[in-house]
Amino acid sequence: MGPAALAWEDGTVIYAGPASGLSPDGRTSRDAVEVDGAVLPGFVDCHTHLPFYGWRADEFEARMAGKTYRDLHGSGGIFRSARLLAEASDDEVMAFCRPLLEEMLEHGTTTLELKTGYGLSVEAELRQARLARRLSQEIEQTATVTLLACHAVPEGKTREEWVKEVCEVLIPAAAAERLAEAVDVYVEDIAFTVQDLERVAAAARAHGMAIRSHADQLGPSGAAEAAVAVGARSADHLNHVSPEGVRALGGSKMAAVVLPVSTLFLRADPPPVAELISSGAAVALATDFNPGTSPCLSIPEAISVAASLYRLPPLAAVVAATLNAAWVLGLHDRLGSLEPGKRADFVVLDSPDVATIPYRPGHNPVAQTWIAGERRYRRS
Ligand code: NIG
Ligand code: FE
């Protein structure tokens with residue numbers, strides 16, 4: 001294969017293909033940049049739990065000593081992150097998150113999802129969504145906001161009471177302020193049920209919001225099938241998805257989002273990735289960046305873990321973390337691939353070989369990150 005070229009105008013791709021096809025006389029423009037490494041679409045991290053405040057490394061240590069994620073749910077886990085967020089000022093949260101988003105840029109992430117879910121009351125969820133919006137307006141990257149309205153059942157409330165409040169108060173209030181593009185539900189025995197997902201999905205749809213789901217992560221619940229039935233955009237995690245769930249996902253337009261770092265961290269069974277792909281499901285890959293199950297913000301690292309743990313080939317992983325992930329966020333018409341008409345968001349690797357990404361875990365292979373045709377990061 002000969003050299004390749006990418007050209008853009010006003011931040012939008014106008015050409016991607018063999019360098020010989022760039023201009024009829026073979027000349028390139030005066031401000032052309034030559035690179036040795038592979039050029040890929042900017043990474044799209046379609047599942048993160050930013051903004052959050054503070055780390056939970058002691059819970060990681062407790063799990064190493066034999067405790068499970070379920071054991072820690074209450075004194076620790078989501079409830080602890082909710083307390084940490086509540087105790088921090090808005091400025092403290094912003095100051096904690098900014099360098100993390102900068103680090104994501106250095107690892108090639110040009111688009112990402114921000115989620116709530118550490119609020120656990122209407123006011124605190126709205127506050128987290130506003131902080132997410134503020135961050136999205138400040139950063140170089142494109143960011144969407146998802147209201148993870150049902151993440152844990154708030155103390156002092158029944159599940160039913162909270163789901164009713166989410167549908168009747170939280171979702172309408174978030175929609176009125178245009179705070180979120182999507183709504184997410186954590187379906188699990190320690191969290192919410194398939195029926196809760198159905199109720200929340202109806203409320204989300206009534207307010208023009210897309211539906212996401214944390215599905216079949218710690219145990220099987222039929223969440224993937226339910227997510228397909230309610231017309232969600234994605235079912236995420238899928239460690240315990242049933243064969244019916246795989247078939248349902250394969251026969252739908254939905255994405256199966258795999259989150260390999262949380263699988264590694266929880267020492268969980270891997271999802272049936274090969275079956276998902278052969279069933280026809282669009283597989284997307286993300287970090288699940290959060291202080292509990294995945295304190296990893298690097299898409300290259302997630303690709304590396306997915307290769308070794310899920311046998312996801314390097315090129316399939318790149319598609320999963322770019323174009324398919326852009327679909328999950330509803331941005332596939334503008335982002336996620338390098339083709340004329342899309343935004344010139346791309347990364348330059350330090351190697352011409354894409355297989356270097358999974359082959360060298362712990363190494364950041366991103367040498368440059370460009371957004372809308374402007375270089376926003378260059379390794380020094
Ligand atoms: O995607 N399991 C549910 N939610 C997150 C973890 C949140 C947390 O532990 O703070 C996840 O793994
Ligand atoms: Fe998650």
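Begin by selecting Q217, which lies in the loop between β8 (210-215) and α8 (223-229). The model on display is a predicted one. Is Q217 buried or exposed? With a relative accessibility of 8%, below the 20% cut-off for burial, Q217 counts as buried.

Next, display the surroundings of Q217. Leaving aside residues up to four places away in sequence, Q217 touches Y186, E188, H237, N239, H240, S262, L266 and T293. From this group, retain H237: its side chain makes a polar contact with the side chain of Q217, at 3.5 Å.

Now move to T142, in strand β6 (residues 142-150). T142 has a relative accessibility of 17% and therefore also counts as buried, the limit being 20%. Show the residues around T142: apart from those up to four places away in sequence, the residues it touches are T110, T111, L112, L331, L335 and R343.

Then colour the chain by domain. Domain 1 is made up of two segments, 4-41 and 338-378, and domain 2 covers 43-328. Each side gives 20 residues to the contact: 20 from domain 1 and 20 from domain 2. If the C-alpha centres of the two domains are marked, the distance between them is 30 Å.

Turn to the interface itself. Domain 1 and domain 2 bury about 1600 Å² between them, and carbon and sulfur atoms account for 68% of that area. Which three residues of domain 1 should be selected here as the leading contributors? They are I357, P358 and I371, which supply 27% of the area that domain 1 buries against domain 2, more than any other three residues.

For the polar side of this interface, select R376 and E140. These residues form a salt bridge in which the closest N and O atoms are 3.3 Å apart. How many salt bridges are counted between domain 1 and domain 2? The count is one. Residue pairs in polar contact between the domains, with both residues at pLDDT 80 or more, number seven.

Finally, highlight the secondary structure on the domain 1 side. The elements giving two or more residues to the side that touches domain 2 are β3 (39-41), α15 (356-359), β13 (366-371) and β14 (374-378). Strand β13 provides the largest share, four residues. Colouring this side of domain 1 by residue class shows 13 nonpolar, three polar and four charged residues.

Conventions. Residues numbered from 1 in each chain as written. Chains lettered and ligands numbered in written order. Predicted model: local features only at pLDDT ≥ 70, side-chain atom pairs only at ≥ 80, totals over all residues. Heavy atoms only, no water. Domains from an automatic or database assignment. Contact = heavy atoms within 4.5 Å. Buried area = accessible area lost by both parts, 1.4 Å probe. Salt bridge = Lys/Arg side-chain N within 4 Å of Asp/Glu carboxyl O. Polar contact = N/O pair within 3.5 Å; in protein donor to acceptor, adjacent residues only side chain to side chain. Nonpolar A, V, L, I, M, F, W, Y, C, P; charged D, E, K, R; others polar. Buried < 20%, exposed > 50% of the residue type's maximum accessible area, 1.4 Å probe, protein only.
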